[in-house]
Amino acid sequence: MKLGPTFLLTALACVSNIGHFARAANSFAGSNLYYAAGLSESDRTTLLQGLQDAGMKVLRVWLDGQSTGSTKGTKITSYPSLEPKEIGTYDDTVLNKLDAFMVDAKAHNIKLMISMHSFNALQGKDVYGSTYGTGTFYTSEKASTQFDNRLRHVLNHNHSTLNKPWKELSDYIFAFEAQNEAMIGQNTNPGEQCDRASTIKTELGNNSGILVTTGGASYLDESVQSDWLSCPALDIVAIHAYGEGDFDTSKIQSKVKQAQAAGKKLIFQEWGACYFSTSNNNCPSGSVLDAGTRNSNIQKWTKQITAAGVPWMYWQVIPNADPHGGTDYEIAVNTDPSWNTLKAASQTALQASSAFDFSANLL
């Protein structure tokens with residue numbers, strides 16, 4: 001791929017700006033795809049090859065069910081949630097689908113970050129949401145016990161072809177998180193995040209080679225909380241942020257210092273560049289932002305995040321042409337006008353220093 005002179009200067013400036021991480025490990029980039037389990041074999045190959053070409057090292061996937069045959073324009077095989085009808089009664093379809101996915105991912109030098117539930121499902125009244133709602137779920141001892149059983153079930157799922165439980169598959173799995181955006185917008189039980197992480201860490205053991213992470217929140221300050229930085233069971237505190245102010249290098253670096261002082265790692269687990277001309281963190285619809293401006297945004301924001309020494313994961317790279325529905329941050333591999341820009345930014349991240357050493361956990 002040819003890089004324009006402007007981007008090359010940006011890359012050089014990025015490397016220069018992170019000189020204070022001298023001798024640290026290199027950074028990296030990754031992506032998210034919440035419906036990855038439903039991809040056809042062909043689309044899975046297209047996605048993984050594109051991510052590999054971009055040098056992306058981690059793909060974050062979810063276990064929430066998908067009931068339609070098309071999501072974000074991707075034709076998928078629908079599949080139920082892990083607990084589709086009753087708490088504690090499991091349907092392992094999604095786990096079995098991800099068995100095949102992670103084998104193909106490893107063949108492309110990519111590991112999976114697995115989110116074992118989501119606030120989205122809770123809010124959408126899955127079996128936990130319909131039983132406890134979005135508040136009591138985090139304060140009920142019974143809910144915590146039931147949810148811990150779910151976490152243990154996932155960790156002990158026996159891979160259908162490797163014949164090992166997921167908790168032993170460090171060559172395939174980068175990290176586990178209990179829930180995407182747990183307690184987003186509320187602080188009903190600050191210790192809940194650590195309690196669930198402790199369940200995961202206890203099941204994994206201290207030498208599993210698989211990391212334990214939070215699932216982010218709605219913006220930078222909400223994502224990096226003192227209770228999580230002080231939690232012994234958490235290895236990573238994940239950042240979700242879409243507002244332009246949260247991409248500021250110095251603002252991110254303040255969180256980097258907090259994490260380093262606490263012995264934790266940070267990952268910018270979710271961020272994206274809006275397809276519309278609205279504010280970046282309010283992207284439901286609107287007039288189309290011209291490709292040049294969107295690409296400039298991607299270049300600028302990836303440079304800022306990378307300069308802060310934090311690996312990042314885009315929301316989302318998809319294997320098909322983007323239909324540009326509501327809340328559109330998606331970028332299609334190969335065909336999207338912004339793909340080469342994102343691809344170049346990912347490759348630049350691989351050459352940049354990181355404030356955190358993930359080298360032992362990457363392929």
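This is a short walk through the aromatic pairs, the nonpolar core, the salt bridges and one helix of a predicted model.

Okay, ground rules before we look around. Since the model is predicted, local features need pLDDT of at least 70 and side-chain atom pairs count only at pLDDT 80 or more, while totals for chains, interfaces and linings use all residues. Residues are numbered from 1 along each chain as its sequence is written, and side-chain values use heavy atoms, with hydrogens and water left out.

Let's start with the rings. For Phe, Tyr and Trp (its six-membered ring), two rings pair if their centres lie within 6.5 Å; planes under 30 degrees apart are called stacked, over 60 edge-to-face, and the rest tilted. How many aromatic pairs does that rule give? The count is 18. One of them is phenylalanine 137 with tyrosine 138, an edge-to-face pair at 5.0 Å centre to centre and 80° between the planes. Are those two buried or exposed? I'll use buried for under 20% relative accessible area, exposed for over 50%, and partly exposed for in between, with a 1.4 Å probe and protein chains only. Phenylalanine 137 has a relative accessible area of 2%, so it is buried, and tyrosine 138 is buried too, at 0%.

Here's another pair: phenylalanine 247 and phenylalanine 268 are tilted, 6.1 Å centre to centre with 55° between the planes. A word on my labels: helices (H or I, at least four residues) and strands (E, at least two) are DSSP runs, numbered from the N terminus. Phenylalanine 247 is in the loop between strand E8 (236–240) and helix H10 (249–262), and phenylalanine 268 is in strand E9 (residues 265–271), so this pair ties together parts that are 21 residues apart in sequence. Phenylalanine 247 and phenylalanine 268 are buried. They also belong to one aromatic cluster, along with Trp271, Trp301, Trp312 and Tyr314.

Some rings have a charge over them, which here asks for NZ of Lys or CZ of Arg within 6 Å of the ring centre and within 35 degrees of the ring normal. Lysine 106 sits that way over tyrosine 172, 5.5 Å from the ring centre. Lysine 265 does so over phenylalanine 358, at 5.7 Å.

On to the core. In soluble globular proteins, nonpolar side chains tend to be buried together. A nonpolar core, for us, is a set of buried Ala, Val, Leu, Ile, Met, Phe, Trp, Tyr and Cys residues joined through side-chain atoms within 4.5 Å. The largest one has 110 residues, and Phe174, Phe176, Trp271 and Trp312 touch the most other members. Which helix gives the most to this core? That's helix H3 (residues 93–107), with 6 residues.

Now the salt bridges, meaning a side-chain nitrogen of Lys or Arg within 4 Å of a carboxyl oxygen of Asp or Glu. The whole structure has 11. Take arginine 150 and glutamate 83, whose closest N and O atoms are 2.7 Å apart. Arginine 150 is in helix H6 (residues 141–155) and glutamate 83 is in the loop between strand E4 (74–75) and H3, 67 residues apart. Both are buried.

Next up is glutamate 203 with lysine 167, at 3.2 Å between the closest N and O atoms. Glutamate 203 belongs to helix H7 (residues 192–204), and lysine 167 to the loop between H6 and strand E6 (173–177), 36 residues apart. Glutamate 203 is partly exposed, at 22%, whereas lysine 167 is buried, at 18%.

H7 has another one: lysine 201 meets aspartate 235 at 2.8 Å, N to O. Aspartate 235 is in the loop between helix H9 (226–229) and E8, 34 residues from lysine 201. And there's a network of salt bridges linking Arg60, Glu177 and Glu270.

Last stop, H7 itself. It has 13 residues and reaches 19 Å from its first C-alpha to its last, close to the expected 18 Å, where the expected span is 1.5 Å times one less than the number of residues. What do its buried residues pack against? They pack against H6, E6, strand E7 (211–213) and H9, with contact meaning heavy atoms within 4.5 Å. Among those buried residues are Cys194, Ile200 and Leu204. Right after H7 comes glycine 205, with a positive phi near 85°.
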